Amino acid sequence: MKPTKQSVYQIFDREIRYTVPLFQRSYVWNEDTHWQPLWADIERQAILCLTCLREEKEPEKSHFLGAVVVNVSKFIGLDHPRADIIDGQQRLTTLQIFLAAARDYAQSVVRHYDTRSDGGKNPADDSRSEQRFKVWPSRADQDDFVKVMTAGSPEALRKIFTTDESTNDGYPRMAQAYAYFYKAIKAFAEKYAVLVNASGSDHTPLTALMVAFKKPLELIAIELEVNDDPQVIFECLNARGQPLLPSDLIRNYIFMKAASRTFISYTTITGKRVSTRHAPKNAMEMAKIVFGIRRNAKVGCKDRGLISCVSLSNDENGGRR
């Protein structure tokens with residue numbers, strides 16, 4: 001396997017088709033679990049890029065959006081190179097839909113918007129050919145995907161699916177994703193346009209959004225080699241391992257934050273015990289340091305409930321102690 005770090009722009013700038021194999025499931029991402037967190041990451045980086053543009057400097061840190069695993073196939077004739085998506089198809093499909101929403105909103109507000117810069121399509125002699133799409137989903141999603149990618153606006157998409165704006169009944173998941181991101185992009189652009197105008201900057205929020213996709217927002221792209229078995233790798237990535245509980249995530253976060261403090265020097269960290277020369281004596285004391293709570297201050301019920309999660313661990317049967 002050959003892993004490389006690439007920006008979202010680099011992933012979609014290539015003349016290639018990312019196709020979803022038959023063994024992959026249909027598009028299942030939803031607003032609460034997936035679209036909102038993804039948009040929060042994108043918006044945060046776009047705001048930082050807006051500041052960098054105003055101060056005429058490059059973004060200092062990158063932001064990891066996840067990993068994708070692809071198996072690049074040999075191409076024949078005039079077709080574009082094809083890469084089967086072994087893992088990460090939900091993420092790539094969502095990013096493709098996001099780019100379509102960003103393109104359509106930009107076209108609605110920018111008089112001479114260059115559609116070639118959106119990373120959404122491959123060059124194709126036939127404007128109706130599936131070769132023009134960077135991502136090509138599973139058969140069950142293909143019709144909906146084409147409609148979402150070519151509608152041009154949320155209003156046009158509603159008419160295509162004859163769905164009332166007040167309800168999502170019968171509205172395909174991909175169309176819901178497009179509508180969500182279009183609305184989020186519009187709100188972001190309108191909110192920060194006021195601040196940009198007040199500061200006298202020439203850079204727009206949409207510019208910052210595209211810069212975020214070109215610079216800080218990155219993925220790990222893993223390309224399989226000749227001797228790699230795509231099905232075995234897919235099973236290893238998706239069917240093995242124990243999911244992390246919320247208590248695991250909180251505990252790991254606190255340990256990493258505490259380890260970054262210069263006055264704490266860890267000698268060993270295990271799943272059961274923390275040994276350190278100047279470390280706090282227990283999870284409560286450690287949490288107070290990490291969250292900036294004064295050593296003698298009382299901890300409220302909500303804080304105590306959160307901090308107590310740190311000391312939770314899993315036994316061999318999956319229980320808590």
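**Exercise 1. Which residue caps the N-terminal end of H2?**

Before we solve it, some ground rules. This is a predicted model, where local features need pLDDT of at least 70, side-chain atom pairs count only at pLDDT 80 or more, and totals for chains, interfaces and linings use all residues. Residues are numbered from 1 along each chain as its sequence is written, and side-chain values use heavy atoms, with hydrogens and water left out.

*Solution.*
- Step 1: find the helix. H2 covers residues 31–54; helices here are DSSP runs (H or I, at least four residues), strands are runs of E (at least two), and both are numbered from the N terminus.
- Step 2: look at its start. Asn 30 is the cap, with a side-chain oxygen 3.3 Å from the backbone nitrogen of Asp 32.
- Step 3: peek past the other end. There, H2 is followed by Glu 56, which has a positive phi near 55 degrees.

**Exercise 2. Compare the reach of H2 with its expected span.**

*Solution.*
- Step 1: count. H2 has 24 residues.
- Step 2: apply the rule, 1.5 Å times one less than the number of residues. That gives the expected 34 Å.
- Step 3: compare. From first C-alpha to last, H2 reaches 32 Å, close to that expectation.

**Exercise 3. Which residues of H2 are buried?**

*Solution.*
- Step 1: set the cut-off. Buried means under 20% relative accessible area, exposed over 50%, and partly exposed in between (1.4 Å probe, protein chains only).
- Step 2: list them. Among them are Trp 35, Leu 38, Trp 39, Ile 42 and Gln 45.
- Step 3: think about the spacing. An α-helix has 3.6 residues a turn, so residues three or four places apart point the same way.

**Exercise 4. Place Trp 39 in the largest nonpolar core.**

*Solution.*
- Step 1: know the term. Such a core is a set of buried Ala, Val, Leu, Ile, Met, Phe, Trp, Tyr and Cys residues joined through side-chain atoms within 4.5 Å.
- Step 2: this one has 62 residues, and Trp 39 is one of those with the most contacts inside it.
- Step 3: helix H6 (residues 173–199) gives the largest share, 12 residues.
- Step 4: leaving aside neighbours within four places in sequence, Trp 39 is in contact (heavy atoms within 4.5 Å) with residues including Phe 98, Phe 181 and Leu 209.

**Exercise 5. Is Asp 104 buried or exposed?**

*Solution.*
- Step 1: locate Asp 104 in helix H3 (residues 89–109).
- Step 2: check its relative accessible area: at 3%, Asp 104 is buried.
- Step 3: see who's around. Leaving aside neighbours within four places in sequence, Asp 104 is in contact with Gly 152, Ser 153, Tyr 178 and Tyr 182.

Methods: A polar contact is a pair of N or O atoms within 3.5 Å; within protein, one must be able to donate a hydrogen and the other to accept it, and residues adjacent in sequence count only if both atoms are side-chain atoms.
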